[in-house]
Amino acid sequence: MSFHPIFAARLSPRLLSAALCLCALVVLPASAAVDPAGAAKVFDEARQICTRDAGALWGHTLCGPMLLIDPADNAIITNHADVQGGLKASGSVFTGVMPSSEIVANTSIEWTGIRWTEIMWPLPQENAERHVMIAHELFHRIQPELGVALHEGDNRHLDTLQGRYLLQLEWRALAAALHAPTAAERRAALSDALLFRHQRYRLFPGSAEGEGALEANEGVAEYTGVRLGLDAPKARVSYAIRDLSKFVQAPSFVRSFAYATGPAYGLLLDQADPAWRHKLTSGKRLDQLLGLALHLPPPAFATLDAREKFYDQDGALHAHEVRRDEAKRVRLAALKARLVDGAVLTLPLNHSNFQFNPQTLQPLGELGMVYPTLRLTDDWGVLEVTGDALVSQTARTANVSVAGIDLSRRNGDGWKLTLSKDWNVVPGARQGDLEVRKERSPVH
């Protein structure tokens with residue numbers, strides 16, 4: 001069974017660098033068409049999760065409208081009728097087709113006047129992963145009502161050598177804290193975790209805000225998935241520890257790190273301060289809430305070298321990150337040559353929705369974020385990318401290389417474009433460049 005992260009959600013131009021993804025990362029089984037019986041089982045599992053919680057965790061039930069969508073043909077099955085009556089009743093569920101203009105993703109979605117929990121079919125076969133994912137996505141639907149942050153920050157520093165290294169040391173310390181048999185050992189491991197985290201904050205100005213924002217969004221959602229999707233405390237801790245090791249394999253930590261840290265910090269906060277969830281609206285980060293709850297002293301930066309050696313005794317982790325960084329520099333130079341210096345097709349971003357793999361995002365410095373795979377919709381139509389697109393928050397544009405372009409078919413090497421009425425491909429500002437514009441004569 002291959003590992004496939006769920007593709008993502010809905011993005012506003014103000015959040016392009018953050019690449020908003022309201023989703024869970026899971027192992028998917030082989031594709032199969034969504035069926036009413038299978039959908040009814042998922043809806044029943046969601047109902048059991050909600051009933052077991054009874055609104056206790058967040059003071060609000062997670063139950064509500066859900067839809068399961070087959071990405072192959074946008075067929076949907078829901079547990080709730082739509083406002084317009086377009087869905088057809090089929091026993092205890094409703095069936096229909098999602099318009100192609102909507103993003104297919106694990107997310108919360110406003111559609112037909114209803115806020116839905118949207119989950120892609122098929123769901124994971126393994127019970128724990130499926131239940132965690134369901135509870136994660138149920139949380140996103142009620143997140144605005146709880147006042148928990150939906151915005152996300154810029155975490156490009158987590159693709160640097162030092163950013164990645166310190167994050168992985170923090171993960172090792174968090175795992176030690178979750179494993180700790182005594183309160184004293186747990187406290188010592190947490191002091192180490194916060195030391196590594198605060199060293200990142202010292203090295204990368206603004207990183208505290210960026211990390212805190214993603215953890216408040218996806219980290220808290222994943223904590224909710226673990227806390228409510230699993231009913232045994234030992235199972236929750238085991239799942240959180242597994243997350244801390246699983247995400248080491250992610251190609252990039254920029255958008256995936258909070259799925260690992262969220263459950264760990266959340267479960268540790270449950271022990272240290274059971275009222276911590278009500279303090280999220282204060283704007284304090286998870287690490288701040290934990291430090292305050294345990295009255296931890298400020299990080300002892302003088303001990304940093306010794307604590308790094310404790311968690312990376314043979315230096316293998318640091319050596320691995322040095323090799324990765326060297327390879328990354330070569331890869332970034334090639335991406336810049338293709339998507340910045342070379343001839344490109346530029347598309348404006350005004351009312352954009354994104355569907356993407358959150359584990360593969362590649363920061364390209366101040367130039368923007370590279371999406372190796374992407375489905376992007378906007379006023380001009382749909383862009384489907386299988387071979388790299390550069391998205392710039394500053395310029396509010398997306399670039400793909402014009403290499404191999406076939407204007408008659410609106411495709412190129414690794415991308416395909418479907419244009420809306422009155423939108424055309426026209427010459428760009430630089431020689432060889434093209435751009436998508438409205439009400440202009442197309443390039444032939």
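**Exercise 1. Helix α6**

What covers the buried residues of α6? Work from the predicted model, and check the length of the helix as well.

Solution. Start with the length. α6 has 14 residues, which at 1.5 Å a residue should span 20 Å. The end C-alpha atoms of α6 are 20 Å apart, so the expected span and the model agree.

Next, list the buried positions. They are Arg 236, Tyr 239, Ala 240, Ile 241, Asp 243, Leu 244 and Lys 246. An α-helix has 3.6 residues a turn, so residues three or four places apart point the same way.

Last, name the cover. It includes α2 (127-146), α3, α5 (207-229) and α7.

**Exercise 2. An aromatic pair after α6**

Classify the ring pair of Phe 247 and Tyr 259, and state which parts of the chain the pair ties together.

Solution. The model holds nine aromatic pairs. In this one the ring centres are 6.0 Å apart, and the cut-off for a pair is 6.5 Å. The planes lie at 20 degrees, under the limit of 30 degrees, so the pair is stacked.

Now place the two residues. Phe 247 is in the loop between α6 (233-246) and α7 (257-272), while Tyr 259 is in helix α7. The pair therefore ties together parts that are 12 residues apart in sequence.

Then check burial, for which the limit is under 20% relative accessible area. Phe 247 has 1% and is buried; Tyr 259 has 0% and is buried.

**Exercise 3. Rings and charges around Phe 310**

Describe the pair of Phe 310 and Tyr 311, then find the charged group that sits over the ring of Phe 310.

Solution. The centres of the two rings are 4.9 Å apart and the planes are 80 degrees apart. An angle over 60 degrees makes the pair edge-to-face.

The two residues are then compared for accessibility. Phe 310, at 44%, is partly exposed, whereas Tyr 311, at 11%, is buried.

Ring pairs also bring in Phe 196, which forms a cluster with Phe 310 and Tyr 311.

For the charge, look at Arg 307: its charged end sits over the ring of Phe 310, 4.5 Å from the centre. Elsewhere, the charged end of Arg 164 sits over the ring of Phe 253, 4.0 Å from the centre.

**Exercise 4. Strand β2 and Leu 68**

Which residues lie on each side of strand β2? Find its partner strands, and follow Leu 68 into the core.

Solution. On one side of β2 (residues 75-78) are Ala 75 and Ile 77, and on the other are Ile 76 and Thr 78. All four are buried, and both faces of the strand are covered.

β2 pairs with β1 (residues 66-70) in the antiparallel sense over four bridges. It also pairs antiparallel with β4 (residues 93-97), again over four bridges. In the first pairing Leu 68 stands opposite Ile 77; in the second Thr 78 stands opposite Phe 94.

The hairpin of β1 and β2 has four residues between the strands, and Asn 74 there takes a positive phi near 65 degrees.

Leu 68 touches residues including Val 34, Phe 43, Ile 119 and Trp 121. The largest nonpolar core has 76 residues, and Leu 68 is listed with Trp 58, Trp 171 and Leu 174 as having the most contacts inside it. Helix α3 (residues 161-179) gives the most to this core, with 10 residues. A second, separate core has 27 residues, including Val 254 and Leu 376.

**Exercise 5. The seven-stranded sheet**

Give the strand order of the open sheet of seven strands and identify its edges.

Solution. The order is β9-β10-β13-β14-β7-β18-β17, with mixed pairing. β9 (362-363) and β17 (423-427) are the edge strands, each pairing on one side only. Five bridges join β17 to β18 (residues 434-438), and these two strands run antiparallel. Trp 423 has Lys 438 in β18 as its bridge partner.

**Exercise 6. Backbone exceptions**

Locate a cis peptide bond and two residues other than glycine with positive phi.

Solution. Most residues other than glycine have a negative phi, and most peptide bonds are trans. The cis bond joins Trp 121 and Pro 122, with omega about 5 degrees. Pro 122 lies in the loop between β6 (114-120) and α2.

For phi, take Ala 54, near 55 degrees. Ala 54 is in the loop between α1 (36-53) and β1, and it is exposed, with a relative accessible area of 65%. Arg 410 also has a phi near 55 degrees and is in the loop between β14 (397-401) and β15 (411-412).

Notes
Residues numbered from 1 in each chain as written. Predicted model: local features only at pLDDT ≥ 70, side-chain atom pairs only at ≥ 80, totals over all residues. Heavy atoms only, no water. Buried < 20%, exposed > 50% of the residue type's maximum accessible area, 1.4 Å probe, protein only. Lys NZ or Arg CZ within 6 Å of the ring centre and 35° of its normal. Pairing = 2+ DSSP bridges. Core = buried A, V, L, I, M, F, W, Y, C linked by side-chain atoms within 4.5 Å. Contact = heavy atoms within 4.5 Å. Expected span 1.5 Å × (residues − 1).
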